[in-house]
Amino acid sequence: MLELRALEPAAVGRGRRPVGVPPLVAVPAAVVGAAVLLPVAYLVVRAAGAGPEVWELLWSPRTGRILLRSLLLAGAVTASTVLLAVPLAWLTTRTDLPGARLWRVVTALPLVVPSYVGGFVVATALGPAGLLQQLLYRLAGVERLPDVYGFPGAWLVLTLFTYPYVLLSVRAGWRGLDPALEEVARTLGERGWRAFRRAVLPQLWPWIRAGALLVALYTLADFGAVSMMQFETFTTAIYVQYQASFDRHGAAALALVLVALTGALLAAADRPGRGPQHRVGLGPGRRPPRVPLGPWRWPALLGCTGVTLVAVVLPLGVLLYWLLLGLAHGEPLVLTWRPALTSLALGAASAVVTVAAAFPLALLAARFSGPLALLAGRIVYAGYALPGIVVALALVFVTARVVPALYQTPAALLVAYAVLFLPQAAGALRAALARVHPSQEEAARTLGRTPAQVLWSVTLPLVRPGVAAAAALVFLTTMKELPATLLLSPIGMETLATRVWSAAGEGFFARAAAPALLLVLLSSLSLATLARQEEP
């Protein structure tokens, strides 16, 4: 997944120029960097102007419990996604699993299911009085199932619909491994798990760590699944503090704690990457032989089928059930198209704006050296530490106080999307720029082309696949985004995400089914573009 290139250990600085940065790159990069840092500056100012009641909130036992719950959920989800994704990546990449190409696509499909849709599905299907309980009541007289709400439900939903982050990262890493190292381990008598642990795992670990980090960050920033599962974390506490209590200072203080927590996680994950960097897979470039599964073929197929049934078939089946039930009771399906068009328009506009904003920062980080380039690389990925609800709070304040003409407008919403999804676009663009040697651009300069002409006629055509992948990834994520859209969207404007949220939150599950199905379908289209980046 190109989003994960942002965290890969590969040296993307090949051919950097230790020269002055041209204004064509420096000025846009500075503007975008200031926009990214704006939410943090707002939180600091807002929290600093608060009274002693904010400190009481921060040091209260409730805040401590929220911190513990958030960390516990992030740790549990990260561990379970790694345990689920690494075997799936091995099966679909390194073995003779029947239909491996199909399984590579199917096992990544849960990525298009938003967490709040997953929460809605799990609540209505596996809840104490859900669809499964109704079926078991008819078959065996079961009157109530165990409560799925709280930590178990949040853990299950986030595990099922975030494991593709680890899966796609590990698959990309496995394809780049040099098979000679594993073969040498086998000639030295290492077999099975010992060969994997000593020859493969050290090479694969950076990609496992990259995917696990994204899962942990996603879990800390998630709002939809934890809300649906009624499990209080920082995101739900911030939303309640802002919407229900109208306490801007308290919301800002809690948001600062969340930013500090995610920032600390990013810093801890970055620490092992210091020092000499290397790219795995610089061997002869040949494909490793497929591992024959033998009698384990059928259990492997059963495992892939089970994951697909729970993470893909179950959500689609439950949504289809509620859709048909709603149609049978006269639920108007036509009303879904207006929010669908709004979602498509916002997704397309967000892709264009975010990729355009990410390009100067990615170019600065990939093509130039020095303090400015290093700062650009850090700012690009600062968005990982900014949950959607934090960015939304900052923009609500700035637009209401400084530029009221932008308050609750699509423009403010697009700025929020650009800040949130900048790391995803920049990761794909940096990976594309790393594959283009600077000598090609320098040759155009020697022919008398200006920097702008070189950018337009040489660089952009060469990185077009990376631009397309970045746009598809931003489009996919924008379609699913919820908290920023809830707080910043103009009055009366509905997207598929807000339609699903409002209907499911009020218990109108049949009304939520049609927009949820359409949201998953439209998101799947962008996943097809991303799938082309993977080798068959």
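**Loops, salt bridges and core of an all-helical predicted chain**

Gln408 is partly exposed, with a relative accessible area of 26%, where partly exposed covers the range between buried (under 20% relative accessible area) and exposed (over 50%), computed with a 1.4 Å probe and protein chains only. The model is predicted, and local features are therefore reported only at pLDDT of at least 70 and side-chain atom pairs only at pLDDT 80 or more, whereas totals for chains, interfaces and linings use all residues. Residues are numbered from 1 along each chain as its sequence is written, and side-chain values rest on heavy atoms, with hydrogens and water left out.

Gln408 is placed in the loop between α16 (388-401) and α17, and its phi is positive, at about 50°, although Gln408 is not a glycine. Gln230, likewise a residue other than glycine, has a positive phi near 55°; Gln230 lies in the loop between α10 and α11 and is exposed, with a relative accessible area of 59%. For context, most residues other than glycine have a negative phi.

The chain contains 23 helices and zero strands, these elements being DSSP runs numbered from the N terminus (helices H or I, at least four residues; strands E, at least two). Of its 536 residues, 53% count as buried, and the accessible surface comes to about 23,500 Å², of which 68% belongs to carbon and sulfur atoms; these areas were obtained by the Shrake-Rupley method with a 1.4 Å probe, and for residues only the protein chains shown count as cover. Among the contacts (heavy atoms within 4.5 Å) with a separation of 6 or more, 83% are accounted for by residues 24 or more positions apart.

Confidence is expressed as pLDDT, the predictor's confidence in each residue on a scale from 0 to 100. The mean pLDDT of the chain is 79, and 79% of its residues reach 70 or more. Among the elements of the chain, helix α3 (residues 61-94) has the highest mean value, 92, and helix α8 (residues 179-187) the lowest, 58. The pLDDT is below 50 over residues 1-15, a stretch that nevertheless has 49 contacts in the model beyond near neighbours in sequence. Residues 272-284 also fall below 50, and this stretch has 18 contacts beyond near neighbours in sequence.

The largest nonpolar core has 151 residues, a core being a set of buried Ala, Val, Leu, Ile, Met, Phe, Trp, Tyr and Cys residues joined through side-chain atoms within 4.5 Å. The residues with the most contacts inside this core are Leu97, Tyr116, Val117, Phe120, Val170, Ile238 and Val390, while helix α17 (residues 410-434) contributes the largest share, 14 residues. Not counting residues up to four places away in sequence, Val170 touches Val86, Ala89, Leu204, Trp207 and Ile208. In helix α7 (residues 151-175), Trp174 has its place and counts as buried at 3% relative accessibility; the C-alpha atom of Trp174 is separated by 8.7 Å from that of Gln203, 29 residues apart along the chain.

The structure holds four salt bridges, defined as a side-chain nitrogen of Lys or Arg within 4 Å of a carboxyl oxygen of Asp or Glu. Glu232 and Arg62 meet through their side chains in one of them (2.7 Å, N to O); this pair links distant parts of the chain, 170 residues apart, with Glu232 in the loop between α10 (224-228) and α11 (234-243) and Arg62 in helix α3. Glu232 is partly exposed at 26% relative accessible area, as is Arg62 at 27%. Arg69 also forms a salt bridge with Glu232, the closest N and O atoms being 3.2 Å apart, and because Arg69 lies in helix α3 and Glu232 in the loop between α10 and α11, the pair ties together parts that are 163 residues apart in sequence. Arg69 is partly exposed, with a relative accessible area of 30%. A further salt bridge joins the side chains of Glu494 and Arg499 (2.9 Å, N to O); Glu494 counts as partly exposed at 30% relative accessibility, whereas Arg499 is buried at 14%. Through shared partners, salt bridges join Arg62, Arg69 and Glu232 into one network.

At the surface, Leu132, Leu135 and Leu139 make a nonpolar patch of about 280 Å². Patches consist of residues with over 30% relative accessible area and no salt bridge, like charges being joined within 9 Å and nonpolar side chains (Val, Leu, Ile, Met, Phe, Trp, Tyr) within 5 Å. Leu135 has its place in helix α6 (residues 131-140) and counts as partly exposed at 42% relative accessibility.
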